[in-house]
Every structure is written in structure tokens, then in C-alpha cells.
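Welcome! Let us walk through a protein model together, one piece at a time. Keep the 3D view open as you read.

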Amino acid sequence: MNEFDILYFAPGLPSHGEKARAAFADGALFVNGRRVEVALSDIGVTLGGFNHDQLFLFWHQEEGRYAISPTDANAQSQLIDTAPAPLSGLLQVARKDASSKQRRSRVGLGVLGLVLLLPLLAIGVLMWKSHDIAGWAAGYISLEHEQQLGALAFEQATAGMKLREGGVDAAAIREIGARLTKGSKYAYRWYVAEDPAVNAFAVPGGYVVVNTGLIQAADSAEEVAGVLAHEVQHIERRHTLKNIVHSLGLRAALSLALGDIGSGMLGDVATRLSELKFGRELESESDRLGLLALKQAGIAPQGMVSFFDKLRKQESAAPPALLSTHPASEERMQALQAMIAELGNWSSQPLPYDWNVVKAAGK
Ligand SMILES: [Zn+2]
């Protein structure tokens, strides 16, 4: 049998498909050596993917829709060359169609197009199984593409902000941040934004922005470390990336269907990064992994709790921005204490900063 590599989509398999081998023999299609019980004349051919140049063979069985797609050009040629009639005729037409579309669409694809190629492939192809496409698509983005997307998002989200990497406070943030992200695959950049709002946020690819308002509101380096430890988990665990892909996916699917690719598409998502909310589950994950990062760095954990607790108890008509994205409920505070106890109340050295001095220098 002349087998070729495919992605196999079937009821019960992951929505992004599963690697498999396929072949044609005895006038039938075989997947992983097993005969597919469907007549070749009942198998449809369609083009999918970002450029409509990826080949899909699909059919229906009792359990639902099935499809296979060759994983690369080599597999695609093998599929086309070995497919018997009546599929071979359909495939020849599809191949011509694909190559002409490919030629047309190669023009004008920017970095964003590259970054979005895989997520949109998922959106285009898997519309009928749309659960958690964003999560899957974000998982599929390479580190390199994540960094390109992150750089774009950072640029747009911080447009108009007064950012700096220098100064006593920025140096302290960078040093504490480096301890918390030791061994990470991301090359972190730490920024201080001249902004009185008590807030901090993280951008995919390793950008962390801390407002001067947050630095001023903190009473110790440990409190700031608690916030940083939490925020970096939104990068490490790709929470923000998933959120961006999710927001982009729905909009972009439409505009890209019309051939409209532009960096403007990212704009209204990126500018809201500092207001991005994650669900309780992701917040809790960031709390837990953040505490673990503090433990590994030998930094006391109580700062994380005391900072959020302090913000919560401040009587104010307008709650701090950080609380709108990170609700400091009684429940969350108790959960934090329980996680700390669970992690074993580790020993720690006080961070070597007099925070009043750092605050005074940053004013
Ligand atoms: Zn968070």
C-alpha cells in the first residue's frame, strides 16, 4: 500500500485532528490500515485552510463527519497520484484551484497573516466543531510567531503610554521579575508606565508593564513581587495569547473570508490588553503558579495576599484597575492562604529593597 501522512478528523478525536496514515487500495480508502466503510463516490473534496489551498477529503458516517487532510505537499501529491476514479477527477480540479488561489493570495501577506495562519486554518476547517478552537490554536502558535504577535500587541497596547525601562523602580521590577522567571523560555522585558492607576498587565511574548500607581500603592517589594509572580503566569500559560486569538478568531474569520488582512484587525483587541479579564479558573491557576514561582525564588508569599487584601479594603468610589481584572474576593484570599499552606510555608529572605526609597526615587 502506498501510504501518506494525514491529519484525521473524526467524531471523538481532538478537534485539531490526529496524525495518521492513509492509502487507497482495492477501490477503497484506508486509514491507519483499516478500510473506511464508505464508497469513494460518497467522498467529497474541498479546499480549506487560510488560503483555501489545503485539501480535505470528507464523508459522513453514522457517528458524524469524517475528514482527512494531507499534512504536507509531498503527502498531497501522493494522495492525488494514487486516488482512483471518481476521486481522481475531483482532485485534479481541486489541485488547479488550489495553485491558482495560492498564487493570488501570496501577495500582501504580512507578519500578521503568518501568525494567524494556523488559528484561522482551525477556524475555517473546524467550524462544525468549534469548541475551544482558540485554546487549541493558541497552543499551536510557535514561540517565534507568539513573539511577533506579542511585539505587535505590545506596540499597540502601549501606544500613548509613558513607558520607561530605566530608573530605580524599573530596575527593582526587572530584578524581582528576573528571579521569578528564571529558566523561562521567554526573554522578558519589564516596563514602568507613568500612570497613577493601580495596575499591571502582561503581553504575550514576555512584556510586563507595571504602573507607577501600583509601585506607589505597594508597601514592600514582596507585595510587588506577588503581583509580578501572578502576571507572568498569564504569559507563561499563554492565557493572554488565547484571549487574543479568541477575540481575533471571530472577527478575523469574517474579514479574512473577504480577503481583508491588516494589522488594524489587532488594534481594538490589543488596546484593551490592560483591561483583559480572565476567568476564575485561569486566575486561580496564575495564583497557584505565581506562588510556586515565589517559592522557587525564595520570596515570601504574604505580599501577594496583603496587597490584594489592602486594595480590597480601601474605601473608594472607584476601585483600582487591578481589582477590576483581578477580583480580590474573600474566597480568593482564602484560596491563596490555603495554597500557601499547601505549598508548605517556605523559608525566604527579605528582598533587598527599601520600598520607601524605591517609591521616592520613582516619584
Ligand atoms: Zn490575573
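Two strands are said to pair if DSSP finds at least two bridges between them. With that in mind, look at β5 and β6 in this predicted model: they pair in the antiparallel sense over five bridges. One place to see this is T46, which stands opposite F56 in β6.

Now follow the chain onward from β6. A hairpin of two residues joins β6 to β7, and these two strands, β6 covering residues 54–61, pair in the antiparallel sense over five bridges. Here W59 stands opposite Y66 in β7. Strand β7 also has a partner in β1 (residues 4–9): four bridges join the two, which run antiparallel. Within that pairing, L7 has S69 in β7 as its bridge partner.

Let us step back to see the whole sheet. Seven strands make up an open sheet with antiparallel pairing, in the order β4-β3-β2-β1-β7-β6-β5. Its edge strands are β4 (34–35) and β5 (44–48), each of which pairs on one side only. And how many residues of strand β7 are buried? Six of its seven residues (64–70) are, so β7 is largely enclosed by the rest of the structure. For strands in general, a regular one has side chains that alternate between the two faces of the sheet.

Next come the helices. Helix α1 (residues 73–82) lies across β1, β2 (18–25), β6 and β7, and runs at about 90 degrees to β1. Further along is helix α5, with 15 residues (143–157). From its first C-alpha to its last, α5 reaches 20 Å, close to the 21 Å expected at 1.5 Å a residue. Several residues of α5 are buried, among them H145, E146, L149 and F154.

Our last stop is the zinc ion. Which residues supply its protein donors? They are H230, H234 and H326, each through NE2, and E283 through OE, listed twice; these donors lie 2.0 to 2.6 Å from the zinc ion. Along the sequence, the donor residues are spaced H-x3-H-x48-E-x42-H.

Notice the two histidines at the start of that pattern. H230 and H234 sit in helix α8 (residues 221–236), and because they are four residues apart there, about one helical turn separates them. An α-helix has 3.6 residues a turn, so residues three or four places apart point the same way. Are H230 and H234 buried or exposed? Buried means under 20% relative accessible area. H230 has 1% relative accessibility, so H230 counts as buried, and H234, at 1% as well, counts as buried too.

Terms used
Residues numbered from 1 in each chain as written. Predicted model: local features only at pLDDT ≥ 70, side-chain atom pairs only at ≥ 80, totals over all residues. Heavy atoms only, no water. Donors = N, O, S within 2.8 Å, 3.2 Å for Na, K, Ca; no water. Buried < 20%, exposed > 50% of the residue type's maximum accessible area, 1.4 Å probe, protein only. Expected span 1.5 Å × (residues − 1). Contact = heavy atoms within 4.5 Å. Axes fitted to C-alpha atoms, helices over the stretch in contact; angles between N-to-C directions.
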